[in-house]
Amino acid sequence: MNKPNDFLQGQTLRSLVLPAVLGASAPFALLLFIILTKEDVFESWMLAPLTLIPLGGAVGGVIFYLMGFVWFPFGKQKLIAIILSTIFYFVALWMAAVLAFNFTGRFD
């Protein structure tokens, strides 16, 4: 019988932390750069994008790692998996940004 976590194929949580941190660090650094270079002071509404957008990047990073290096490790399948997971990463970032700015009411 299949367990609920069979799709991870024995992956431990420790091996998924690095892809999650790498996936979240780029959008977090970009958001910090944008916020810190503005003349306005840090406001409380900025906390939602600073948490939700890197969370979307972390999910995209984990999916990228699993698809490109665990589920499809060889050949043409790996190339297709990397291309699709890259697209998924940017879609996850975009959806997290829409969600974060919808929560704050600043979706202009």
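I83 is partly exposed in this predicted model, with a relative accessible area of 46%. The value falls between the cut-offs of 20% for buried and 50% for exposed, so I83 belongs to neither of those classes. I83 sits in helix 3, which covers residues 75-104.

I83 is also one member of a nonpolar patch on the surface. The other residues of this patch are L79, I80, L84, I87, V91, W94 and M95. Together the patch residues have about 820 Å² of accessible area.

Y89 is another residue of helix 3. Y89 is buried, because its relative accessible area of 14% is under the 20% cut-off. The C-alpha atom of Y89 lies 7.1 Å from that of F64, although the two residues are 25 apart along the chain.

Helix 1 (residues 13-37) contains L31. L31 counts as buried too, since its relative accessibility is 15% and the limit for that class is 20%. Between L31 and I53 there are 8.8 Å from C-alpha to C-alpha, with a sequence separation of 22 residues.

The table sets out the three residues described by their accessibility.

| Residue | Helix | Relative accessible area | Class |
|---|---|---|---|
| L31 | helix 1 | 15% | buried |
| I83 | helix 3 | 46% | partly exposed |
| Y89 | helix 3 | 14% | buried |

For the protein as a whole, buried residues account for 30% of the 108 residues. The secondary structure consists of three helices and zero strands, and along the sequence this reads as α-α-α.

The packing of helix 2 (residues 47-71) against helix 3 can be described by their axes. These axes come within 8 Å of each other and cross at roughly 165°. Helix 2 is therefore roughly antiparallel to helix 3, as angles over 145 degrees are counted that way. The crossing in which helix 2 passes helix 3 is right-handed.

Terms used. Residues numbered from 1 in each chain as written. Predicted model: local features only at pLDDT ≥ 70, side-chain atom pairs only at ≥ 80, totals over all residues. Heavy atoms only, no water. Patch = residues over 30% accessible without salt bridge, like charges linked within 9 Å, V, L, I, M, F, W, Y side chains within 5 Å. Areas by Shrake-Rupley, 256 points an atom, 1.4 Å probe, with all protein chains shown as cover. Salt bridge = Lys/Arg side-chain N within 4 Å of Asp/Glu carboxyl O. Helix = DSSP H or I, 4+ residues; strand = E, 2+ residues; numbered from the N terminus. Buried < 20%, exposed > 50% of the residue type's maximum accessible area, 1.4 Å probe, protein only. Axes fitted to C-alpha atoms, helices over the stretch in contact; angles between N-to-C directions. Parallel < 35°, antiparallel > 145°, perpendicular 65-115°, else oblique. Left-handed = near helix turned anticlockwise from the far one by under 90°.
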